Amino acid sequence: MEWRQYAEQMALLARDLLAQDSVQGTLDEIAAAAVKLIEGCEAAGILAVSKGRAVTLSACGDMVEESDRLQGELGEGPCFDAARRVDGERLFRIADMTMPQPSWPRFSQKARELGIGSMTGVLLYTDQQDFGALNLYSRRPGAFGRDIESAGWLLASHAAVALSTARTVEQLEHALETRHAIGEAMGILMERHGLSEDEAFAVLRRLSQEHNIKLRDVAGHVRADSSAQD
């Protein structure tokens, strides 16, 4: 993609990001945009490490969540190295994951098993032992050259601004879990009662208002009832 065209796409993305009504929506849009706009990028995600625990804040494409989980579980990987560096370099690029990676042998072996051929990422922030990173993945070795770094930086800048408006990673993780719970409850209602997506959400919202309980708690009751009936 020519840089003029890319700049136009980034301008459109900035407009779309402003239209999002939540931090989570913004992060999801950024991850999706990375896959759409960056040549060779097959999956993208935003990883946060909080108190030693890896949290996938957003994922577009397979392999993202498993890669994040492995880095957190093993305590090694390119994101951890980027966060620990003292030279100020905030970008990493693994040109060929199929080659030995002595810096993190356990992660690189698992990454190869996941089908990761190459990977690049930008550190979003560091705060003592906590950090966040935007990661891009390809199944093909050599997918990310130096000319792609500017594109990654532009997307990462948007992600960093979005994260700066969120007070804690725990809040984002809670919001993500809430969305998953509501989505699962809607799916149950849709399947069992033949409702549309909008109708299922309307039922959850009505129950929340009638019983004066949070939407997430209503979703939890629906899921629990479904498990009891199965």
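Buried here means under 20% relative accessible area, as against exposed at over 50% and partly exposed in between, with a 1.4 Å probe and protein chains only. The model is predicted, with local features needing pLDDT of at least 70 and side-chain atom pairs counting only at pLDDT 80 or more, while totals for chains, interfaces and linings use all residues. Residues are numbered from 1 along each chain as its sequence is written, and side-chain values use heavy atoms, leaving out hydrogens and water.

Begin with the whole protein chain, whose C-alpha trace spans about 55 × 40 × 35 Å along its principal axes, and in which buried residues make up 42% of the 230 residues. Colouring by DSSP runs (helices are H or I of at least four residues, strands E of at least two, numbered from the N terminus) should show nine helices and five strands.

Next, select Ile38, Ile46, Leu136 and Leu155, the residues with the most contacts inside the largest nonpolar core, which has 30 residues; such a core is a set of buried Ala, Val, Leu, Ile, Met, Phe, Trp, Tyr and Cys residues joined through side-chain atoms within 4.5 Å. Among the elements that give two or more residues to this core are helix H1 (3–19), strand E1 (43–50) and helix H6 (149–164). Apart from it lies another core, of 22 residues, including Val64, Leu74, Leu123 and Ala133.

Now centre on Ile46 and display its contacts, meaning heavy atoms within 4.5 Å. Which residues does Ile46 touch, leaving aside those up to four places away in sequence? Among them are Leu27, Ile30, Val55, Leu124, Ala133 and Leu163.
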